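Biologist: Please take one helix of this model and go through it closely. I would like to know how its sides differ and what lies against it.

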Amino acid sequence: MDNPKENPTGNAIKDPEDWVTGDEPMTGAQASYLKTLCEQNGEEYEDGLTKAEASERIEALQGAE
């Protein structure tokens, strides 16, 4: 396992499904950004997502831009 002090970016990217807090409700910042991305892409905003679900949705919408 990489030592994060020796390789600080080695653990920076983690699959949202592996997040310890991924099943918690999305943050206010995620909700706000997701709503903006949905409006920009003509997509429907879905409330009540988890942190992991919101992250995956944000990533998908960023790719659609």
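Modeller: At 1.5 Å a residue, the 14 residues of H1 should span 20 Å, and its end C-alpha atoms are 20 Å apart, which agrees; the expected span is 1.5 Å times one less than the number of residues. Helices here are DSSP runs (H or I, at least four residues), numbered from the N terminus. The model is predicted: local features need pLDDT of at least 70, side-chain atom pairs count only at pLDDT 80 or more, and totals for chains, interfaces and linings use all residues. Residues are numbered from 1 along each chain as its sequence is written, and side-chain values use heavy atoms, with hydrogens and water left out.

The buried residues of H1 (under 20% relative accessible area, 1.4 Å probe, protein chains only) are Gln30, Ala31, Leu34, Leu37 and Cys38. They cover an arc of only 135° around the axis, taken from the directions from the helix axis to the C-beta atoms, which puts them on the same side of H1. On the other side of H1, Gly28, Ala29, Glu39 and Gln40 are exposed, meaning over 50%.

H2 is included in what covers the buried residues of H1. Beyond its neighbours within four places in sequence, Ile58 has contacts (heavy atoms within 4.5 Å) with Gln30, Tyr33, Leu34 and Leu37.

The largest nonpolar core (buried Ala, Val, Leu, Ile, Met, Phe, Trp, Tyr and Cys residues joined through side-chain atoms within 4.5 Å) has 9 residues, among them Leu34, Leu37 and Ile58. H1 (28–41) and H2 (51–64) each supply at least two of them, and the largest share, 4 residues, comes from H1. Just after H1, Gly42 takes a positive phi of about 65°.

Terms used: Helix = DSSP H or I, 4+ residues; strand = E, 2+ residues; numbered from the N terminus.
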